[in-house]
Amino acid sequence: MTFAGSPDRIEARLVPERGYAFDAFPIAGFPRRPGAELVRALALAILSPVACARILARREPDVVLGGGGYVAGPMVLAAWLRRIPAALTEADAHLGLANRLASPFARRVFLALPVNGRGGGKYEAVGRPVPERSRAVERTAARAELGLPAEGPVVLVFGGSLGARVLNELAVDAWGGAGPTVLHLCGERDYAALRARVSRPAYHLLPFLDRIGVAYGAADIALARAGGSVWELAAAGLPAVLVPGEFATGGHQEKNARWFERAGGAVVVGEAEAARAPDVVAELLADPDRLAAMAGAMRAAARPDAAERIADELVALAAARR
């Protein structure tokens, strides 16, 4: 197995660190405004399939998997031109622009959730794979590792790798001086500013955790955005109050959040009403029976075998080619 991608993105560092071969090719996302960067991105989009074809000629793969972003499109197109079967993954409840453009050249498209108009045939809703570092650690061990109390409720607050400023402000205002034990992963951007506003030892403020599965295992409820991490919450059986970001392309965070709300594992609070989210958390913590039911609903909605299903399909595509 080898990887390919942009030399300017994090995969160029992470993949070799994990011991896998990495082939870089020039590619850039399309800016939303016209200008020199858009012209450059268009030029790279035209040239990148040629670079991808060279990579494929050298590696001679039996199958190609595109991760769904703009980097995947040229490689999937190049695979189609060379008659190499290719597949795509979509992480949200909305088929992104890159995947819409690349899907005609793919044999299979693995969706996290059902997408209107994309059912049957090549499209299959399999859930989203959960990486090992995001798998929940046993509760007692997780709390011991993080220095959290063995008993009593723990609220997890997080908003992705950069953090979510709306959630950061809400959490510190609501619980920075009093309240339940809080584990708050605020992101590097806001950490220094928030640290001075926390005045009690039971409020654990960290910029991030490499193994976020420890946080999932330690918590009783999460206050979070509704990006791809909702699948990790589901796999952990962690009830959630979700505040989907209005910035998300195609409203995919809202769609993600509503899916898990309908499943019974989450409560959705719109960004315009985000100020009431801490009160919703408090109400749920005061109702252990409802919280337990939500935890069960999250586990029922999870797709813990997503990675295995995708891997099996890729092997089948490769075998069929041979």
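Where in this predicted model does Pro34 lie? Pro34 is in the loop between strand E2 (22–24) and helix H2. The legends below begin with this residue.

**View 1. Pro34 in the loop between E2 and H2.** Pro34 counts as exposed because its relative accessibility is 74%, and the cut-off for exposed is over 50%. Leu317 is 283 residues from Pro34 along the chain. The C-alpha atoms of Pro34 and Leu317 are separated by 40 Å.

**View 2. A nonpolar surface patch made by Met1, Phe3 and Tyr20.** The patch has an area of about 340 Å². One of its residues, Phe3, is found in strand E1 (residues 3–5). Phe3 has a relative accessible area of 32% and is therefore partly exposed.

**View 3. Two loop residues with positive phi, Glu60 and Arg83.** Most residues other than glycine have a negative phi. Glu60 is not a glycine, yet its phi is positive, about 50°. It is placed in the loop between helix H2 (36–59) and strand E3 (64–66). With a relative accessibility of 62%, Glu60 counts as exposed. Arg83 is also a residue other than glycine, and its phi is positive, near 60°. The loop that holds Arg83 runs between helix H3 (72–81) and strand E4 (86–90). Arg83 has a relative accessible area of 72% and is exposed.

**View 4. A network of salt bridges that links Arg108, Glu124, Arg309 and Glu313.** Arg108 pairs with Glu313, and their closest N and O atoms are 3.1 Å apart. This pair links distant parts of the chain: Arg108 belongs to strand E5 (residues 108–111) and Glu313 to helix H13 (residues 306–321), 205 residues apart. Arg108 is at 14% relative accessibility and so counts as buried, the cut-off being under 20%. Glu313, with a relative accessible area of 24%, is partly exposed.

**View 5. The salt bridge between Glu124 and Arg309.** The closest N and O atoms of this pair are 2.5 Å apart. Glu124 is in strand E6 (residues 123–125) and Arg309 in helix H13, so the salt bridge ties together parts that are 185 residues apart in sequence. Glu124 counts as buried at 19% relative accessibility, whereas Arg309 counts as partly exposed at 28%. A search of the whole structure finds 20 salt bridges, among them this one.

**View 6. Helix H10 (residues 252–263) and its surroundings.** H10 has twelve residues, which should span 16 Å at 1.5 Å a residue; the end C-alpha atoms of H10 are 17 Å apart, in agreement with that expectation. The buried residues of this helix are His252, Gln253, Asn256, Ala257 and Phe260. They lie on the same side of H10, because they cover an arc of only 135° around the axis. The elements they pack against are helix H9 (229–236), strand E11 (240–242), strand E12 (266–268) and helix H12 (288–301). Gly264 follows H10 and has a positive phi, near 100°.

**View 7. A salt bridge within H10, between Arg258 and Glu261.** The side chains of Arg258 and Glu261 meet at 2.7 Å, N to O. The two residues are three apart in helix H10, about one turn of the helix. Arg258 is partly exposed, with a relative accessible area of 29%. Glu261 is partly exposed as well, with a relative accessible area of 28%.

**View 8. The buried residues of helix H6 (residues 165–175).** In this helix, Leu167, Asn168, Leu170, Ala171, Val172 and Trp175 are buried. These residues pack against strands E7 (154–158), E8 (181–185), E9 (203–206) and E10 (221–224). Their contacts also include helix H7 (188–195) and helix H11 (277–285).

How values were computed:
Residues are numbered from 1 along each chain as its sequence is written. This is a predicted model: local features need pLDDT of at least 70, side-chain atom pairs count only at pLDDT 80 or more; totals for chains, interfaces and linings use all residues. Side-chain values use heavy atoms; hydrogens and water are left out. Patches are made of residues with over 30% relative accessible area and no salt bridge: like charges are joined within 9 Å, nonpolar side chains (Val, Leu, Ile, Met, Phe, Trp, Tyr) within 5 Å. Accessible areas come from the Shrake-Rupley method with a 1.4 Å probe; for residues, only the protein chains shown count as cover. A salt bridge is a side-chain nitrogen of Lys or Arg within 4 Å of a carboxyl oxygen of Asp or Glu. Helices (H or I, at least four residues) and strands (E, at least two) are DSSP runs, numbered from the N terminus. Buried means under 20% relative accessible area, exposed over 50%, partly exposed in between (1.4 Å probe, protein chains only). The expected span of a helix is 1.5 Å times one less than its number of residues. The arc is that of the directions from the helix axis to the C-beta atoms. Contact means heavy atoms within 4.5 Å.
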